[in-house]
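Trainee: Could you take one part of this model and go through it closely with me? I would like to follow how its neighbours are arranged around it.

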Amino acid sequence: MNSVLISLTARQLLGRRRTLVIGLLLALPILIAVIYRFSEEAGSGDATEEVALGLVSVMIFTLLLPLVALVFGTASLGAEIEDGTAVFLLTKPIERWRIVAIKVGVASVAAALLVVPVTMATTWIVHESPTADGLMAGLGLGALVASVLYCAAFVALSAVTSRALIFGLIYVFVWETFATRIFDSLRWVSIREYAYGWSDAIISINDNGSFYDPHLGVTTAIIGTMVVLAAACAGGTRALTRFEIGERT
Amino acid sequence: MAVNDISFELEPGITGLLGPNGAGKSTLLHMMAGLLEPSSGEVLVNGEPSWKNATMYSNIGLVPEREVTYPFLSAWEYALASARLHQLPQPEVAAQAAIDMVELGDAMHRKMSGYSKGMRQRAKIAAALVHDPDILILDEPFNGTDPRQRLQMNTMLKELGDSGRTIVFSSHILEDVEDLAEDVLVVIGGRLGAAGNFRQIRRLMTSRPHAFTIRSSDNRALAAALVDRPHVALVSFDSDAMEVQTTDFGAFTETIAPLVQSSGVALHELQPADDSLENVFAYLVAR
């Protein structure tokens with residue numbers, strides 16, 4: 001039963017043009033990293049740190065990672081509800097939590113398989129000693145956590161509303177990118193900050209001036225992660241249990 | 001479409017849910033299938049509420065009107081996925097039996113994106129039948145089928161009904177229901193217009209006054225001959241045409257030709273004035 005759910009979800013997620021578009025988008029940071037590596041500025045310590053972290057934290061963590069997770073997260077369940085195939089799954093004697101868990105799992109794995117290698121490769125290309133200070137591993141772990149949490153949140157969101165994409169974009173670009181910068185306390189409710197918190201457990205540099213600027217400790221990040229996962233699974237399951245078919249929509 | 005004040009029980013056999021478009025047929029079927037919550041009252045399937053009850057799907061097959069097939073799957077993969085999701089002990093055997101039942105064997109390994117609407121309909125039925133459910137719910141199963149497929153579907157549903165299953169299907173076409181169902185539920189405007197044995201309801205329909213529009217070379221001469229007949233209830237004139245109401249559809253259609261002949265009038269036009277399904281429903285609801 002699980003394998004059928006996994007393969008249906010995976011085929012629906014990856015069998016479309018969106019995977020190609022996402023692949024092209026994710027090639028961008030690697031391309032920029034390569035260009036930087038062959039430029040004249042490459043090699044001076046400060047600049048490298050700045051570019052590595054800038055590229056990874058701004059381009060990947062702030063822009064591409066949430067976008068990829070948003071696309072996979074909403075496509076994994078939301079697209080099935082939209083095109084009607086969700087009815088095929090929901091009229092089977094399957095526990096609703098299982099459907100949500102598998103949708104989250106498949107979307108997370110798909111997003112992480114693309115984003116984590118790109119994050120680590122970008123760091124590795126830009127930085128002279130990428131393994132020093134646990135930089136590459138730390139950022140990779142952060143990307144993994146962020147992939148899972150964003151996907152969980154967006155799968156749940158698409159079970160609750162048909163406008164998951166819009167609300168997801170608002171959350172990522174209004175809440176996480178602007179609101180949390182203006183009001184420090186809002187960082188407690190930010191998936192990106194939880195991901196940075198996990199990264200910080202491995203990375204041992206403390207350069208507050210750089211783009212990489214974690215605000216939450218590891219413990220807070222772990223608690224935040226658990227809360228997001230639990231809330232997403234509970235909320236998504238509840239919404240699917242009460243799923244009502246839209247008439248003529 | 002909201003439905004109101006509807007109460008009925010379904011027995012094994014085939015029940016047709018009849019009503020014009022937008023009458024609330026899909027709403028009723030979706031409530032039975034646990035995909036809509038009744039705001040008041042309850043829907044019980046085998047004695048259990050259908051709402052928020054995933055386990056009941058072991059006993060129910062639903063064929064929705066909307067497209068629910070994955071275009072990248074073949075009918076075989078679709079039926080097999082359904083069998084596996086039902087956790088059947090021998091999913092391949094069950095999937096093959098379901099595919100055979102809908103006679104989709106020749107095309108079963110082709111992607112469903114290349115199927116005709118009728119073939120996708122059959123694939124949906126195969127997936128809904130794979131676990132051999134006692135209850136089968138079909139929403140407008142005849143939509144998009146050609147006459148041959150219609151006949152095939154009829155035969156298949158009849159066999160399923162005869163085997164003791166409870167089958168309910170919706171249609172806005174009277175003839176579909178007439179061919180197939182012994183019992184019907186007529187829904188109109190979200191309310192139950194009539195429920196029961198089809199023949200009884202049909203008799204009600206035939207005893208209502210039927211109206212015909214007639215154009216002839218001399219309407220008044222023909223009218224004079226017509227009012228003489230006991231089954232003619234009303235004759236009215238409208239510029240070059242007249243409308244005749246009869247209480248006996250059969251007697252009227254049998255006697256009109258000899259009557260025209262004997263009165264020496266040339267008949268230009270004779271057609272039923274109110275034979276649309278909506279009129280039939282409206283009549284049933286008015287009773």
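Mentor: What follows starts from one helix and its two partners, and then turns to the other chain.

The model is a predicted one, and the part I would choose is helix α6 of chain A, which covers residues 135-160. Helix α6(A) packs against helix α9 of chain A (residues 218-241), with the two axes 8 Å apart and at an angle of about 25 degrees. Since angles under 35 degrees count as roughly parallel, α6(A) and α9(A) are therefore roughly parallel to each other, and their crossing is left-handed. On the side of α6(A), the contact is made by Val145(A), Leu149(A), Ala152(A), Ala153(A), Val155(A), Ala156(A), Ala159(A) and Val160(A). Helix α9(A) answers with Thr225(A), Val228(A), Leu229(A), Ala232(A), Gly235(A), Gly236(A), Ala239(A) and Leu240(A). Sorted by class, the residues of this contact are 13 nonpolar and three polar, with no charged residue.

The second partner of α6(A) to consider is helix α7 of chain A (residues 164-182), whose axis comes within 9 Å of that of α6(A) and crosses it at roughly 140 degrees. An angle has to be over 145 degrees to count as roughly antiparallel, so α6(A) and α7(A) are oblique to each other. Helix α6(A) passes α7(A) in a right-handed crossing, whereas the crossing of α6(A) and α9(A) is left-handed. Here Phe154(A), Leu157(A) and Ser158(A) of α6(A) meet Ala164(A), Phe167(A) and Gly168(A) of α7(A). By class, this contact has four nonpolar and two polar residues, and again no charged ones.

Turning from these helices to the other chain, 21 residues of chain A are in contact with 25 residues of chain B. On the chain B side, α1 (25-32) and α2 (75-85) each supply at least two of the residues that touch chain A. That side of chain B divides into 13 nonpolar, seven polar and five charged residues, so charged residues do occur there, by the classes used.

Within chain B there is an open sheet of six strands in the order β4-β5-β6-β1-β7-β8, with mixed pairing. Its edge strands are β4 (60-63) and β8 (191-197), each of which pairs on one side only, and the twist from one strand to the next averages 15 degrees. At one end of that order, β4(B) and β5(B) pair in the parallel sense over four bridges, and Val63(B) stands opposite Leu138(B) in β5(B).

Leu138(B), found in strand β5 (residues 135-138) of chain B, counts as buried because it has 25 C-beta neighbours inside 10 Å, where 20 or more are required. Apart from neighbours within four places in sequence, Leu138(B) is in contact with Val63(B) and Phe169(B). Its C-alpha atom is separated by 44 Å from that of Pro230(B), which is 92 residues away along the chain.

A contrast in burial is offered by strand β12 of chain B (residues 267-272), where the number of buried residues is zero out of six, so the strand lies largely in the open. Strand β12(B) pairs in the antiparallel sense with strand β9 of chain B (residues 210-216), over five bridges, and in this pairing Thr213(B) stands opposite Gln271(B).

Key:
Residues are numbered from 1 along each chain as its sequence is written. Chains are lettered from A and ligands numbered from 1 in the order in which they are written. This is a predicted model: local features need pLDDT of at least 70, side-chain atom pairs count only at pLDDT 80 or more; totals for chains, interfaces and linings use all residues. A residue is buried if 20 or more other C-beta atoms lie within 10 Å of its own, exposed if 12 or fewer, and partly exposed in between; C-beta atoms are placed from the backbone. Two strands pair if DSSP finds at least two bridges between them. Two residues are in contact if their C-beta atoms, placed from the backbone, lie within 7 Å. Axes are lines fitted to C-alpha atoms, for helices over the stretch in contact, and angles run from 0 to 180 degrees between N-to-C directions. Angles under 35 degrees count as roughly parallel, over 145 as roughly antiparallel, 65 to 115 as roughly perpendicular and the rest as oblique. A crossing is left-handed if the near helix is turned anticlockwise from the far one by less than a right angle, and right-handed if clockwise.
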